[in-house]
Amino acid sequence: MENISIQKIMDLKGKTAFVTGGAMGIGKGIAYRLAEAGANVLLIDLNEEIGKNTEAEMNEKGFNVSFFKADVSEEEQVINAINFGIEKFGNVNILVNNAGIYPLIPILKMDTKEFEKIINVNLKSAFIFTKIISEIMIKQGNGGKIINITSIDALHPSAVGLAVYDTTKHGLWGFTKNTALELAPHGISVNAIAPGSISTPGTGDGTKMSPEMKEISEKFIQKIPMKRKGDIDDIGKVALFLASDLSSYMTGAQIVVDGGVLLS
Ligand SMILES: NC(=O)c1ccc[n+]([C@@H]2O[C@H](COP(=O)([O-])OP(=O)(O)OC[C@H]3O[C@@H](n4cnc5c(N)ncnc54)[C@H](O)[C@@H]3O)[C@@H](O)[C@H]2O)c1
């Protein structure tokens, strides 16, 4: 057994992480922990105003962070984001496919456009990013870490109205396992984090929640054995584990981070 210090195992200095949907919510929580461990971080997000604020907030803390505006479901914009990041930081070692949307629309009310949008943002984006970034990682020759943010809905449905969302999250979990198989010979590990209910701007953060979401959220908290919603750092800490050498022998795994709710 090699005797590596805890500090060294978690040290991401000299590494670069691309985090999609990193402007706010879970992506921001992940970006913070990776930056704290020393990684350069590229936040890729549609929301320029919040993305720029997060970039400034993190750089004020002494981190090395850049923001790039892109829609992750548009291949050309993704290519521009990746080119920007490589030019800026010189390498990419960690990819976090986090950007996602979860509109609550029963399939009886959903049209094909809405269906395609959810599939494109939650699933097609992960394909585009994984393909291009793993090609770069293979050329770099020193492996890499890919982390896909799925959901407990990849394992079990949590609410009516999320059928297509659940489809994308089951899909992303399947994509995680098969890309893990394909990329392992190149030293690239692919793992997933399945969050339970996490307080984020997207879930309303308790303030601008729609009445339906509020009702779902309140019922849901009652079912959580730990009796609280998770916060973004609950996910950030697990992402640090998967992005660092702490998870050196893991690939194709999905870590459930849900306060125990799948048990209830
Ligand atoms: N919050 C939860 O309870 C929860 C639970 C399980 C899984 N997740 C997953 O975690 C991920 C993040 O969720 P969140 O709650 O932090 O969401 P959020 O809405 O709070 O933040 C999502 C971020 O992604 C960005 N984004 C959305 N569409 C984009 C696009 N097309 N291109 C670029 N950026 C885009 C948004 O601008 C935003 O900054 C999602 O994949 C979601 O499915 C969340």
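A residue is taken as buried if 20 or more other C-beta atoms lie within 10 Å of its own, with C-beta atoms placed from the backbone. By this criterion, buried residues make up 46% of the 264 residues in the protein, which is described here from a predicted model. The fold comprises eight helices and seven strands. Its radius of gyration is 18 Å, close to the 18 Å given by the globule rule for 264 residues, so the protein is as compact as a globular protein of that length. Taken along the principal axes, the C-alpha atoms fill a box of roughly 50 × 40 × 40 Å. Among contacts between residues at least 6 apart in sequence, 74% join residues that are at least 24 apart.

Helix H5 (residues 112–140) contains 29 residues, which at 1.5 Å a residue should span 42 Å, and the distance of 40 Å between its end C-alpha atoms agrees with this expectation. The helix nevertheless bends, by about 40°, at Asn120. Buried positions in H5 include Ile118, Val121, Asn122 and Leu123, and, further along the helix, Ile128, Phe129, Thr130, Ile133, Ser134 and Met137. The cover over the buried residues of H5 includes both helices and strands, namely helix H4 (75–89) and helix H6 (163–183) together with strands E1 (16–20), E4 (94–97), E5 (144–149) and E6 (188–195). After H5 comes Gly141, whose phi is positive, near 80°.

Helix H7 (residues 211–223) is hardly covered, as one of its 13 residues is buried. For these 13 residues a span of 18 Å is expected at 1.5 Å a residue, and the end C-alpha atoms, 19 Å apart, agree with that value. The loop between H7 and helix H8 (232–243) holds Lys227, a residue that has a positive phi of about 55° although it is not a glycine. Lys227 is exposed, because 10 other C-beta atoms lie within 10 Å, where 12 or fewer is the cut-off for exposure.

The ligand is surrounded by 27 residues, of which Gly21, Gly25, Gly100, Thr200 and Gly202 come nearest. In composition, this shell divides into 13 nonpolar, 12 polar and two charged residues. Helix H2 (residues 25–36) supplies the largest share of the shell, with three residues.

Note on methods: Residues numbered from 1 in each chain as written. Predicted model: local features only at pLDDT ≥ 70, side-chain atom pairs only at ≥ 80, totals over all residues. Near = placed C-beta within 6 Å. Helix = DSSP H or I, 4+ residues; strand = E, 2+ residues; numbered from the N terminus. Nonpolar A, V, L, I, M, F, W, Y, C, P; charged D, E, K, R; others polar. Expected span 1.5 Å × (residues − 1). Rg over C-alpha atoms; globule rule 2.2 N^0.38 Å. Contact = placed C-beta atoms within 7 Å. Bend = angle between axes of the 7 residues up to and from the residue.
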